[in-house]
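Visitor: Could you take me through one part of this model in close detail? I'd like to look at the salt bridges, and then see how they sit in the rest of the protein.

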Amino acid sequence: MDIQTLYNLFQATFQPDPNVRIQAELQLKQLEGTQGALLASMQIIGSEDSVLHVRQAASIYFKNAVKRYWFETESTPAHLKISESDKDAIKGSILQLLSSVPQVVRSQLLTVLGTILSNDFPDKYPSYLPQVQSLLQSQDPKTVFVGLLALKEVTRVYKFKVTEREPVDEIIATFFPAIQQIGAGLISANNVEAAEMLKIIFKCYHHTIQIDLSERLRDNASLVPWGTLFIQMVEKPVPTEGLPTDLEELEKHPWWKAKRWAYQCLNRLYTRYGNPTALTSDSKFKPFANGFIVNFAPNILTAYLKQVELWVAKQAWLSPRVLCLMGNFFEESVKDKHIWSMMKPHSETLIAHFVFPQLCFTSEDESLWVEDPVEYVHANIDGLEDFTSPSTAATNFMTVMARYRQNAFMQILALANSVLQKYNESPAEAKNPRDKDGALVMVGALAPLILRKKSLSSMMEPFFVNHVFPEFKSQYPFLRARACEMVNHFSDLDFEDSNNVGFAFTNLMESLHDSQLPVKVTAALALRPMIRHEAVCEAMKPHLQFIMHELLAMTNQIDVDTLSEVMDEFVEVFAQDLAPFAVQLCEQLRDTFLRICADMGPNAEGIEDISDRAIDEASDKTMAAMGVLKTMGTLILSLESTPEVLNQLEIALLPVITFTLQNAIIDLFDGVFEIIDSCTFSAKAISANMWGVFELIYKTFKESALDFMEEMLPSLDNYISYGKDVFSTNENVQHIVYDIIESVMKSDRLGENDRVQACKLAESLMLNCRGHVDKYIAPILNLVFHYLASEEGIQTVEFRIQALEVVMNALYYNAAVTLRLLEENGWTQRFLTVWFANLDKFSRVHDKKLSIFALCSILNVPVAQLPPALQSGWPQILNGILTNFEGLPVAQAKRKEMEKMYNIGSDDSDDDSDSDSNADDDSDEDDEEETNALEAALAGDDDVEEEWVDDEEDVYDEGHEYLEYLAQQAAKTRAAKADGEAEEEEEDDDEEDYDDLEEEIYFESPLDDLDPYIVFREVFTGLQQHNPASYAELTKETTPEQQEYIVQLINVGEVNATAAAENAAEA
């Protein structure tokens, strides 16, 4: 590789002439995989004679090539693979290269190093640790700095790695004593270089404790010096020389970054390993935690409280991230009785001077509100919690204190009440609106706790009248927004005076007209829970068009998925009221969706170095688009009874479907397939437009949607069910469906859940196109028996059942042909064995009916055409039928209960009640009480009075008991393995853990209209009359009880047949 040529190409990528740039980039692309190109790039990067922008361009090229091609896959083209000799040369010189390049280039090389280490270390890079040790032993600080960077990259490899962590122990033993000593020597320094090195040292430590705390780090010989170093960093005053005045820049300063990582190390040690209340009783960290909580945690708390004291006195500045980490630590400290006993004397001060100021509306909030209200909504109103926000951490700390420590709860309410009373009593010029905002935030955050305490919830109505309602008319926009938010927080509060409910609704409606976007958004979110009030519901109806217009307008301004959720609920609740302008609403939703998709821009796959902010924005837009899709789907289903409107909605939505599928917006596939499902299901027919969509679905499946079989299935089933006339005669659409089935069944990148969906699609094809898809029966059976033919072919019960049902459907489709195919391929015995062994697994109504119909179809086959295995086991066919009939009433009862639960067919429920209805009602009430009590215990949000924990007791989170249970189960498993029992039980685990397949209450098939009792009566009596020999063979082993049961089944069949005939005559 000619280095000068390569150098010129890198230089050309910075030329102002776009043609020159593009030509250079194309030539560089062509050079990928050329022997020696990467080594030549390294020479250019390392040469001090190279100009900076060329070194930078070369480093980016080098980084991208290594990221793409260092780890080879089957799809990596041979000419692009990096040769082993080049790899060895790169690994041999990259650390030396890091020492000789400027920072802007070094950052690219560190990414390269991380890629190499994640793929090659330790087995293919045994020389790495000795090289790092050599760098750290240097007397040159710059070389030591590179050594620390190199150590950080190798510890990063194990940051989230749960297994294969053996090298971590070697790294800790070899390097950590040395880097701790380096850190101890730097802690008293005041230069930026020292801060950079300390930051890297702390990150190395944090990487190794993210997932596990090794025994070596648990030892006091390690813990004491490291803990001392972290606390020294926490307490160290930041050198003032050269500090930026801009607060955002100040937070990025090396000294504040080093401080942040010291806090993170201390927090991680405490919250994951050192807090006994967060650990299960058998945790290997329990002994460490018991010592840590007594000997180390108090020192951390003392250091943190000292920093808070300085911050409150304005003698020290704390970065937002450090404030957040402090809040996280304080929150955990509430739970342990030892640390709480130390914190309790400071709780009132912490509430008033640490928590409260962070909850008040700040000047930074105001600037963001004015300059970028959209971003303000994202930062402060969007439903997703920001785990790096200091105000979020302060709120969580406060609510945990309030929930578990009674004294703190009273202190919080006392402070909020004091601030609010002072605001009311002060003259206008002395009122502090920011303080009032903070007090309302406090009370709003405690809403779930207050509403659970009857003594407090009864006081909230006058509280709203005195402190919240007046702010709807506030001159301060942020207080108007807060008033709306308070209504939302206390949406479960039952006002005794209905006028207050009306007042709240009226003011929320007025707030929708507000000129300030954040006020409008909070008002919209607060309207949603108001729907539960019948009077409000009626009052909303005249304003629905305006409300939906405002919601759409806001969604077009800001991509917040919670607004889509509000729209979705309005559409669901007010579907009939919205019907007159449903098409207009759907068109507006469509336009909003397409606008969001356009804003999402090109697929990020081709973009290098995309920023976190850009990723967050793309995620917000994706979530918002999903929400709009859901609202459109709800609108269609809500208007199922208006076919003329549905047709117009379908036309309006076609651009949404085609745009998403044609542009392969994978994140939105789920929502779009739901839209297609809703359109075809609601119409119960396939229009010409939707047949065009069918072709597009197939094209998308082949190109980018192979992994979306489960999401596609309902739509495809609708196409077959409601377009069966086309499917019965059109070989092209038949082939499309078969190809989808075959692709899924044969793909090595899909799992059994996907194959379950393919089996369901095959079932739909055979059931709906009976007599018209003969040529696909044999290929479909071949696909299924690839898995069904052997013991090891299927792992899950669901796939086994669904695969069996494909064969059962084939028997129902054409028993004689199917039995012949089974016999020809040697599958008969295997199929019958698995089928009858799993009869008890056919638990759903559809499973049992299909099993009965398939067995009855076999009875209709002439004896001469039966395979020998069936002839010898002929009575077992009747036993199978009777077994399925015995379980059918239970399955039907379960399905009926589920239909009640989902409110399906509830209008007929009274007609079907039996003589035991009263007893059932009593039982239901008891069950409901039990369920409610359980939900209260788990969710903690009904009217149960809160029980505070005594200050002398530890606090255990709701999930602690469950974690203890899991730990006990894991211990049992380990004990069983130790005793040699586990191996014997493993085979039965799947069966023991198996739960009945859940009834698919929205699943429809042609079998729904068939009565199994009538079919059995016809087949059984027909066999008796026309083939007495076969009948005699079939019934020769029946017991008297079975004979009596058969008579009952035939009688039911006669009654049902008579009733069906009468209904048909009346129709």
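Guide: Here is a walk through the salt bridges, followed by a few other spots.

First, the ground rules. This is a predicted model, so local features need pLDDT of at least 70 and side-chain atom pairs count only at pLDDT 80 or more, while totals for chains, interfaces and linings use all residues. Residues are numbered from 1 along each chain as its sequence is written, and side-chain values use heavy atoms, with hydrogens and water left out.

For the backdrop, the protein has 56 helices and zero strands; both are DSSP runs numbered from the N terminus, with helices being H or I of at least four residues and strands E of at least two. Of its 1067 residues, 51% count as buried. Here buried means under 20% relative accessible area, exposed means over 50%, and partly exposed is in between (1.4 Å probe, protein chains only).

Now to your salt bridges. Side chains of opposite charge can pair when their charged atoms come close. The cut-off used is a side-chain nitrogen of Lys or Arg within 4 Å of a carboxyl oxygen of Asp or Glu, and by this rule the count comes to 36.

Take Arg434 and Glu366: their closest N and O atoms are 2.6 Å apart. Arg434 sits in helix H24 (residues 433–445) and Glu366 in helix H20 (residues 363–371), so this pair ties together parts that are 68 residues apart in sequence. Both ends are partly exposed, Arg434 at 26% relative accessibility and Glu366 at 37%.

Next, Arg480 bridges to Asp514, with 2.8 Å between the closest N and O atoms. Arg480 belongs to helix H28 (residues 477–489), whereas Asp514 is in the loop between helix H29 (498–511) and helix H30 (517–530), so the parts tied together are 34 residues apart in sequence. Arg480 and Asp514 are both buried.

Glu703 and Lys699 make a local pair, at 3.2 Å from N to O. Both lie in helix H39 (residues 688–703), four residues apart, or about one turn of the helix. Glu703 is exposed, with a relative accessible area of 57%, and Lys699 is partly exposed at 46%. There is also a network of salt bridges linking Lys152, Glu153 and Arg156.

What about the cysteines? The structure holds zero disulfides, a disulfide being a pair of cysteine sulfur atoms within 2.5 Å. For Cys204, the nearest cysteine sulfur is that of Cys265, 9.7 Å away. Cys204 is buried at 0% relative accessible area, and Cys537 also counts as buried, at 14%.

Finally, the far end of the chain. Helix H56 (residues 1040–1066) has 27 residues and should span 39 Å at 1.5 Å a residue, which agrees with its end C-alpha atoms being 39 Å apart; the expected span is 1.5 Å times one less than the number of residues. In H56, Ile1046, Leu1049, Ile1050 and Gly1053 are buried. The buried residues of H56 pack against helix H50 (874–901) and helix H54 (1012–1026), where contact means heavy atoms within 4.5 Å. Met901 is found in helix H50 and is exposed, with a relative accessible area of 65%.
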